[in-house]
Amino acid sequence: MLDTNNFVEELISNGYTHLCVVPCSFAKNLINSVINNTNIEYVPAASEAVACSIAAGLKMSGKSPIVIVQSSGLTNMGSCITSLLKPYGITFPMMVSWRTYKEGDSEIQHQHLATELPRLVHAYGYEHCILDNTNIDTAISQLNNCNDTNTICLLPKDSFSKIELKEEHKLDLSSFIPRSEYLKRLNSINKDKNTLFIGTTGNTAREMYSFMPDTNNFYMAGNMGGALSLGLGASMGGKRVIVCGGDAEFVMHMGGLTTAGRYRDDINLTYILFDNECNKSTGGQNTYQKHLNYINIVKNSGILAHNTPIENIDDFTKVINNLSDKIGLNFLYIKCSTDVETPRPPIETVRVNIFK
Ligand SMILES: Cc1ncc(C[n+]2csc(CCOP(=O)(O)OP(=O)(O)O)c2C)c(N)n1
């Protein structure tokens, strides 16, 4: 295991200036150390494609960025890598956490790339190396090699020692009630099973498994950012759908809003955005999205949004009860705090037959 703060100091003395990131729990301690350090800038990105393009722009302006993403995020970067970085000869270190998979594990979103990740890297026209997490000098020289060549660095689990965020970077959500309270209420209102609930990757789906035992739930373990569009398709097919999403998932493929808005008069679909201001499931990293007005974004995409943020169960109950069986595309924005960890839905519930 590498000493994380020493590793970050070495990155800085080697001239690296920015860490462009979509978080993965494997990189949590490295991310915390960079957020704590004022000599290197943390750049949280809506998607891996965004992180990669920002890094390319930084490199073009003489900075020295590093990209950190999860293996599933490397697929989002494919277009940037093959049609920008490769043809224009732009290089910088890209660290990709190598998620593994054990048979029977419910994290089925990682199953394919657990074995195929190196082949994907090679298909993009890159070599791969595996970060040496036993020696800082070797690890830094691997990254320096990635900075000059078409090489992607794969990051094994438990590579970095534990780092806590400094107090000033910690979120205070104590004035909001936890998401579980809203999920329990959804469960009691929607026991009839006529509504399909879609839970997004991250802690939303996990908590639905614990707090919504009586509803008809689909737990989308991967495909981050795709929940609204999945719900759109299901509602275009005739289902009544409610998507429960997180603030990081919501922005990842936000273009889906513009497509969904077109069908607002033909479908029965509601997106409930639970904003806990963080990527809870990958280590609680702040999403740094306070500049966003989610309600206005949604309204301007032609979607019917409840006008004010919801912060208590009574208001929530009224709004949910008013959502009728009528056609419409609705959006609710809820400010919430986080719950204690709940278990992942087991494989039998994650791999359901969604065509039934
Ligand atoms: C393409 C892709 N990139 C990154 C991840 C890793 N990841 C899983 S959940 C998550 C954050 C989810 O945060 P949010 O949507 O706010 O929900 P929360 O966990 O806070 O409830 C991330 C970054 C992923 N699964 N897929």
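**Exercise 1. Ser 106 and its contacts**

Find the residues that Ser 106 touches, leaving out those up to four places away in sequence. Then place Ser 106 in the chain and decide whether Ser 106 is buried or exposed.

*Solution.* Work in this predicted model.
- Step 1: list the partners. Ser 106 touches Arg 344, Pro 345, Pro 346, Ile 347 and Val 350, with residues up to four places away in sequence not counted.
- Step 2: place the residue. Ser 106 sits in the loop between strand 4 (94-97) and helix 6 (111-123).
- Step 3: look for a polar contact. A polar atom of the Ser 106 side chain lies 2.9 Å from the backbone oxygen of Pro 345.
- Step 4: judge burial. The cut-off for buried is under 20% relative accessible area. Ser 106 has 10% relative accessibility, so Ser 106 counts as buried.

**Exercise 2. Gln 70 and the ligand**

Which element holds Gln 70, and which atom of the ligand does a polar side-chain atom of Gln 70 approach?

*Solution.*
- Step 1: find the element. Gln 70 belongs to strand 3 (residues 65-70).
- Step 2: turn to the ligand. A polar side-chain atom of Gln 70 is 3.2 Å from a nitrogen atom of the ligand.
- Step 3: check the protein side. The Gln 70 side chain also makes a polar contact with the side chain of Ser 72, at 2.7 Å.
- Step 4: add the other contacts. Beyond neighbours within four places in sequence, Gln 70 is in contact with Val 22, Cys 24, Val 96, Ser 97, Arg 99 and His 110.
- Step 5: judge burial. Relative accessibility is 13%, so Gln 70 counts as buried.

**Exercise 3. The shell around the ligand**

Describe the shell: how many residues surround the ligand, and where do they come from?

*Solution.*
- Step 1: count. The ligand is surrounded by 24 residues, and the closest are Glu 48, Arg 179, Glu 249, Cys 278 and Lys 280.
- Step 2: sort by type. The shell has six nonpolar, 13 polar and five charged residues.
- Step 3: look at ligand oxygens. A polar side-chain atom of Asp 247 lies 2.9 Å from an oxygen atom of the ligand. A polar backbone atom of Ala 248 is 3.0 Å from an oxygen atom of the ligand.
- Step 4: check the cover. Alone, the ligand exposes 590 Å², and the protein buries 96% of that.
- Step 5: name the elements. Two or more residues come from each of helix 4 (71-76), helix 9 (203-211), helix 11 (247-252) and strand 11 (278-279). Helix 11 gives the largest share, four residues.
- Step 6: assign domains. Domain 1 (4-164) and domain 2 (179-350) each supply at least three residues to the shell.

**Exercise 4. The two domains**

How many Å separate the centres of domain 1 and domain 2?

*Solution.*
- Step 1: take the bounds. The domain assignment gives domain 1 (4-164) and domain 2 (179-350).
- Step 2: compare centres. Over C-alpha atoms, they are separated by 29 Å.
- Step 3: count the contact. Domain 1 gives 20 residues and domain 2 gives 15 residues.

**Exercise 5. Helix 14**

Which residues of helix 14 are buried, and what covers them?

*Solution.*
- Step 1: list them. In helix 14 (residues 313-322), the buried residues include Ile 313, Phe 316, Thr 317, Val 319 and Ile 320.
- Step 2: recall the helix rule. An α-helix has 3.6 residues a turn, so residues three or four places apart point the same way.
- Step 3: find the cover. The cover includes helix 8 (179-189), strand 10 (268-275) and strand 14 (328-335).
- Step 4: inspect the start of the helix. There, a side-chain oxygen of Asn 312 comes within 3.1 Å of the backbone nitrogen of Asp 314.

Key:
Residues numbered from 1 in each chain as written. Predicted model: local features only at pLDDT ≥ 70, side-chain atom pairs only at ≥ 80, totals over all residues. Heavy atoms only, no water. Near = heavy atom within 4 Å. Polar contact = N/O pair within 3.5 Å; in protein donor to acceptor, adjacent residues only side chain to side chain. Areas by Shrake-Rupley, 256 points an atom, 1.4 Å probe, with all protein chains shown as cover. Nonpolar A, V, L, I, M, F, W, Y, C, P; charged D, E, K, R; others polar. Domains from an automatic or database assignment. Buried < 20%, exposed > 50% of the residue type's maximum accessible area, 1.4 Å probe, protein only. Contact = heavy atoms within 4.5 Å.
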